[in-house]
Amino acid sequence: MTLGGKRSGAVFPLLAAALLGALALSAATGPVSISPRAAFDAIFRGTDDTPARVLLSLRLPRALLGALVGGALASSGVAFQALLRNPLADPYILGVSGGAAVGALTVALFLSADASPLLPLCAFGGAALSALVVFLLARRRSGVSPERLILMGVVVGAFLNAVIMLMVTLAPPGKIPGALYWLMGDLGLGTPRRVAVLFPYVALGTVLLYLLSRGLDLLLLGDHAAFQAGLSVERVKTATYLTASLLAGSVVAVSGLIGFVGLIVPHGARVLVGSGHRRLLPAAFLLGGAFLVLSDTLARAASPAGELPVGAVTALAGAPFFLYLLRRNGGNP
Amino acid sequence: MGRVRIAVERRFLAGFLPVVLLLASAIDRPAFSADRFPLALKDDRGVTVRLAVPPRRVVSLAPSLTEIVFLLGRGGSLVGVTRFCNVPAAASGLPKIGGVSDPDVERIVALSPDLVLCTTDGNPRDKVRALEEMGIPCFAVAPQDLEAVFTAIERLGVLLGAADRGRVEAGALRRRARLASPSSRNADKPAALFVVSTAPIIAAGEGTFMDELVRLAGGRNAAARFSGRYPRLSVEGLVAAHPDVIFVAGMAGVERFPPEVTRWKEVPAFRDGAVITLDGDLVTRPGPRLVTALERVSAALAHWRAGRPKAPAAGAEEKR
């Protein structure tokens with residue numbers, strides 16, 4: 001906590017600058033060549049030629065989507081780690097990913113291909129449903145304990161994994177490649193409309209989590225101590241759980257399952273600003289956004305064989321970086 | 001014919017080039033017929049398969065191989081096929097041994113075949129080895145281009161005791177393929193893009209049959225700028241590839257581009273409505289129907305050339 005305190009004055013401007021830089025780099029990268037002049041004209045003069053259209057309706061929405069998704073995953077990860085008092089928690093730990101996958105595969109398998117716009121919606125439905133089931137299973141009269149939540153999450157996740165395997169095995173050939181790519185994590189759907197759809201969810205979710213940040217600080221002390229400090233523990237837990245699940249579910253719905261960001265970025269942010277949630281949540285949001293936008297730029301530019309799955313890049317590029325960050329901090333996340 | 005590699009087991013000829021061998025035996029004896037057995041034939045893995053008599057119980061581990069067996073008039077010898085083998089119609093009624101990537105070894109053994117036809121592109125090597133360890137001869141075919149498909153038809157003809165039929169059918173297919181390729185070298189070469197999936201957009205790059213079809217039909221592959229056999233394109237990549245014609249190898253429903261993709265009229269194919277759906281089985285199975293696919297692709301590109309003089313004004317203006 002104190003470690004971050006000293007140098008934290010400059011941390012937020014730096015993180016914001018990193019996110020802006022990542023957005024700019026992402027917007028400048030792509031197979032269609034766009035001169036800086038054309039980019040300037042497109043943004044400030046409203047020109048309508050091919051470079052302008054590529055910039056405004058493909059690259060910028062995608063970059064913004066990456067920022068929203070990365071930020072939301074990192075914030076959700078922070079919330080789950082506090083809620084479950086477990087550094088290994090991530091937004092997918094309680095069955096959100098499995099529910100989303102089953103929802104997406106259901107669309108691909110049982111509805112016609114023209115129903116693919118329904119895919120994000122059903123993924124969100126699946127994620128929300130499985131999160132709710134886990135929550136109801138874990139609840140007892142005495143409240144929701146982190147241990148029970150994790151246990152129920154793992155059991156429901158295992159069950160859903162079996163369903164996923166069955167669906168993939170029994171699927172007729174050629175029916176689900178779209179769904180599989182999507183499950184590997186895909187920001188390629190970044191249309192202006194999707195950004196607009198996702199934005200209210202992410203804004204609402206992150207603001208709610210921010211308002212809960214004092215409660216999250218107290219939860220880290222343990223239920224009893226938090227209660228002693230005057231916190232209505234169960235209400236904070238329920239609100240945190242539902243908000244973080246909603247955040248993760250809405251993100252999964254537009255971008256599929258992107259791993260690593262929600263697990264590791266919170267630890268990276270903790271190294272930078274300490275573990276007080278009032279600072280940790282915004283820092284994680286900015287760091288997660290910048291990190292995912294950069295990873296996606298790399299995924300698009302690195303391989304001449306078309307795009308790589310962004311989830312592979314986040315882990316490949318992110319793991320060494322965060323290992324460095326964590327080890328520099330003496331191994332204390 | 002020139003690439004045929006056959007080693008008829010006769011000691012005094014060992015050491016000669018296999019090609020010479022086949023030619024010699026073909027000229028010597030007017031009919032290279034079923035009773036030329038016993039024979040020993042090297043497959044595409046380099047494994048020599050020996051058969052004492054023409055096989056009577058054959059299992060095919062790939063739809064393309066099933067099609068070839070029927071083409072050779074030996075469909076009656078098939079006792080097992082994959083669940084994907086649907087052409088010709090008679091193939092769908094045969095006992096199923098699983099899929100291409102997951103054949104059921106026990107089910108195959110239970111059919112007591114005297115020959116298994118397999119491919120190195122798709123059939124798991126371990127399962128084929130397991131079958132061989134049970135003493136079942138496995139002949140692997142892995143054609144990488146159209147000519148190799150024709151050669152494979154001839155070789156399977158020899159193997160199945162239908163050598164004459166194999167030569168006739170391969171010859172007919174070669175002629176059709178020649179007719180479908182435009183003769184003039186300097187005809188307009190449209191940029192054609194073959195996609196195997198529309199959402200996400202996955203194109204057929206170099207090294208695929210679809211790439212060869214486009215080139216033989218007198219086009220150039222718009223996906224050649226991306227490396228890899230099946231590059232995945234972003235919408236921006238599609239705009240940059242600038243295809244004049246797009247072929248969709250339709251697999252179970254993913255044949256239509258979403259409207260947020262087709263609204264990019266910078267792509268000539270979208271602007272001119274030159275998006276053509278072909279049956280996915282037709283272009284991905286290395287079997288005789290590849291020639292049908294070639295004829296369709298060729299006809300579509302000829303159609304594009306015919307309409308060419310009318311359209312250039314629309315295409316010229318947006319090229320800065």
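Reader: Let's start with a proline. Where does Pro88(B) sit?

Author: Pro88(B) is in the loop between strand 4 (78-80) and helix 3 (89-92) of chain B. Keep in mind that this is a predicted model.

Reader: And what is the geometry of the peptide bond from Val87(B) to Pro88(B)?

Author: The general idea comes first: most peptide bonds are trans. Here the bond leading from Val87(B) into Pro88(B) is cis, and its omega is near -10 degrees.

Reader: Okay, on to phi. What should I look for there?

Author: Look at the sign, because most residues other than glycine have a negative phi. Arg85(A) has a positive value, with phi near 50 degrees. Phe260(A) isn't a glycine either, and its phi is positive at about 75 degrees.

Reader: Which loops hold Arg85(A) and Phe260(A)?

Author: Arg85(A) is in the loop joining helix 4 (50-83) to helix 5 of chain A. For Phe260(A), go to the loop between helix 12 (233-255) and helix 13 (261-273) of chain A.

Reader: Is Phe260(A) buried or exposed? And why does Arg85(A) get its own class?

Author: Count the C-beta neighbours: 20 or more within 10 Å makes a residue buried, 12 or fewer makes it exposed, and anything in between is partly exposed. Phe260(A) has 24 such neighbours inside 10 Å, so it's buried. Arg85(A) has 15 inside 10 Å, so it lands in the partly exposed class.

Reader: Can we try that on chain B? How many other C-beta atoms surround Thr292(B) within 10 Å?

Author: There are 17, so Thr292(B) is partly exposed. You'll find this threonine, Thr292(B), in helix 13 (residues 290-307) of chain B. Its C-alpha atom is 8.6 Å from that of Ala177(B), although 115 residues separate Thr292(B) and Ala177(B) along the chain.

Reader: Speaking of chain B, what are its domains?

Author: Domain 1 of chain B takes in 11-55 + 103-177, and domain 2 covers 187-316. Eight residues of domain 1 of chain B touch nine residues of domain 2 of chain B. On the domain 1 side, helix 6 (146-159) and helix 7 (163-180) of chain B are the elements that each supply two or more residues. By class, that side has six nonpolar residues, two charged and no polar ones.

Reader: Back to chain A. How do helix 5 and helix 6 of chain A pack?

Author: For a helix pair, read the angle, the distance between axes and the handedness. Helix 5 (residues 96-110) and helix 6 (residues 118-138) of chain A meet at an angle of about 145 degrees, and their axes are 7 Å apart. The crossing of helix 5 of chain A past helix 6 of chain A is right-handed. Among the residues making the contact are Gly99(A), Gly103(A) and Val107(A) from helix 5 of chain A, along with Cys122(A), Gly126(A) and Leu129(A) from helix 6 of chain A. The contact of these two helices of chain A has 12 nonpolar and seven polar residues, with no charged ones.

Reader: What about the whole of chain A? How many helices and strands does it have, and why call it compact?

Author: Chain A has 15 helices and two strands. Its radius of gyration is 20 Å, close to the 20 Å from the globule rule for 333 residues, so chain A is as compact as a globular protein of that length. Along the principal axes, its C-alpha atoms fill a box of roughly 65 × 55 × 35 Å. Buried residues make up 50% of chain A. Of the contacts in chain A with a separation of 6 or more, 78% link residues 24 or more positions apart.

Technical notes. Residues numbered from 1 in each chain as written. Chains lettered and ligands numbered in written order. Predicted model: local features only at pLDDT ≥ 70, side-chain atom pairs only at ≥ 80, totals over all residues. Axes fitted to C-alpha atoms, helices over the stretch in contact; angles between N-to-C directions. Helix = DSSP H or I, 4+ residues; strand = E, 2+ residues; numbered from the N terminus. Left-handed = near helix turned anticlockwise from the far one by under 90°. Contact = placed C-beta atoms within 7 Å. Nonpolar A, V, L, I, M, F, W, Y, C, P; charged D, E, K, R; others polar. Rg over C-alpha atoms; globule rule 2.2 N^0.38 Å. Domains from an automatic or database assignment.
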